[in-house]
Amino acid sequence: MGIIGDSLEKAAEATATRPIPKSAGAQMRYLVKQHKGSTKAVAQLLGISQRTVERYIKDQIRRPRRELAARIEREVRKRWQPRVRQKAQQRAAQRTGITIETRARFGFTAAPGTTDDGRIRLITQHLPPDYAARLFDAQATGATEQQLQNIAAEGLQEIYFKDSGRRADGLLVEFTDIDYVELDF
């Protein structure tokens, strides 16, 4: 996934109301439960043997290798509290909107006589619920990173640069050279 897709995932993970299981065995049991009891599916997901998964479940192995521990934790976080995530996304898409903080290069296509040279800007802006809904829908349908960037650029263009239509009519914003993006909802 790209930088905006990862930021959406990270923001969704932050909505959790309880911490993920701590031990490797508890995390592995959770993954097996999520895969309807299939240790084979979890083994394929993590790239380990089915027997290794079974040994983690029985707490015969307690400390995974560093890279395996990171994969297990990442997969648990992806699946942790799906209803809480869904409610938070619905709330953002219908009522509260989404906040975007980014440092990126913004260039413009504007009226003659104005400065349109792109430059790095640090922007923190709250976007209304309709942009949050578009981002979530695009992510759910498997949109590319460029499509997600276009939605975010359009939101920043309309809300930050055009001030919801009160100024800079006809301005088109280019959102490139993204240093980082953090989303919150």
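Reader: How many salt bridges does the structure hold?

Author: The structure, which is a predicted model, holds 11 salt bridges.

Reader: Let's go through some of them; what does E67 pair with, and at what distance?

Author: The side chain of E67 meets that of R65 in a salt bridge, with 2.8 Å from N to O. As for their surroundings, E67 counts as partly exposed at 44% relative accessibility, and R65 likewise counts as partly exposed, at 47%.

Reader: And R77, which residue does its side chain meet?

Author: R77 forms a salt bridge with E73, the N to O distance being 2.9 Å.

Reader: How far apart are R77 and E73 along helix α5?

Author: They are four residues apart in helix α5, which covers residues 66-79, so about one helical turn separates R77 from E73. With a relative accessibility of 33%, R77 counts as partly exposed, and E73 falls into that class too, at 31%.

Reader: What about R105, where is its partner?

Author: The partner of R105 is D177, and the closest N and O atoms of this salt bridge are 2.9 Å apart. R105 belongs to strand β1 (residues 98-109) whereas D177 belongs to strand β3 (residues 172-184), so the pair ties together parts that are 72 residues apart in sequence. R105 itself counts as partly exposed, with 30% relative accessibility.

Reader: Which residues are linked in a network of salt bridges?

Author: A network of salt bridges links E75, K78 and R79.

Reader: Turning to K162, is it buried or exposed?

Author: K162 is buried, and the reason it is classed that way is its relative accessible area of 11%, which lies under the 20% cut-off for buried residues. K162 sits in the loop between α8 (145-161) and β3.

Reader: So what does K162 touch there?

Author: Leaving aside residues up to four places away in sequence, K162 touches Q157, R167, A168, G170 and L171.

Reader: Switching to the nonpolar interior, which members of the largest core touch the most other members?

Author: That core has 31 residues, and I98, F106, F175, L183 and F185 are the ones that touch the most other members. Two or more residues of this core come from each of α1 (3-13), α6 (82-96), β1, β2 (119-127), α7 (129-140), α8 and β3. The element that gives the most is α8, with seven residues.

Reader: Staying with L183, what does it touch?

Author: Not counting residues up to four places away in sequence, L183 touches I4, S7, L8, A11, I98, T99 and I100.

Reader: And what is in the second, separate core?

Author: The second, separate core has 17 residues, including V42, I61, I72 and V76.

Reader: Last topic, pockets: how much space lies in the largest one, and what lines it?

Author: About 180 Å³ of space lies in the largest pocket. Its lining is formed by I20, K22, S23, A24, Q27, R62, R63, P64, A69, I72 and E73. Among these residues, I72 also belongs to the second core, and E73 also takes part in the salt bridge with R77.

Reader: Which element supplies the largest share of that lining?

Author: The largest share, three residues, comes from α5, while α2 (24-34) and α5 each supply at least two residues.

Reader: How do the lining residues divide into nonpolar, polar and charged?

Author: The lining of the largest pocket divides into five nonpolar, two polar and four charged residues.

Conventions: Residues are numbered from 1 along each chain as its sequence is written. This is a predicted model: local features need pLDDT of at least 70, side-chain atom pairs count only at pLDDT 80 or more; totals for chains, interfaces and linings use all residues. Side-chain values use heavy atoms; hydrogens and water are left out. A salt bridge is a side-chain nitrogen of Lys or Arg within 4 Å of a carboxyl oxygen of Asp or Glu. Buried means under 20% relative accessible area, exposed over 50%, partly exposed in between (1.4 Å probe, protein chains only). Contact means heavy atoms within 4.5 Å. A nonpolar core is a set of buried Ala, Val, Leu, Ile, Met, Phe, Trp, Tyr and Cys residues joined through side-chain atoms within 4.5 Å. On a 1 Å grid over the protein atoms alone, a cavity is a set of points where a 1.4 Å probe fits but cannot get out, and a pocket is an open set with protein on both sides within 12 Å along at least five of seven lines; lining residues have an atom within 4 Å of a point. Grid points are joined across faces, edges and corners, and a volume is the space filled by probe spheres set on the points. Ala, Val, Leu, Ile, Met, Phe, Trp, Tyr, Cys and Pro count as nonpolar, Asp, Glu, Lys and Arg as charged, and the others, Gly among them, as polar.
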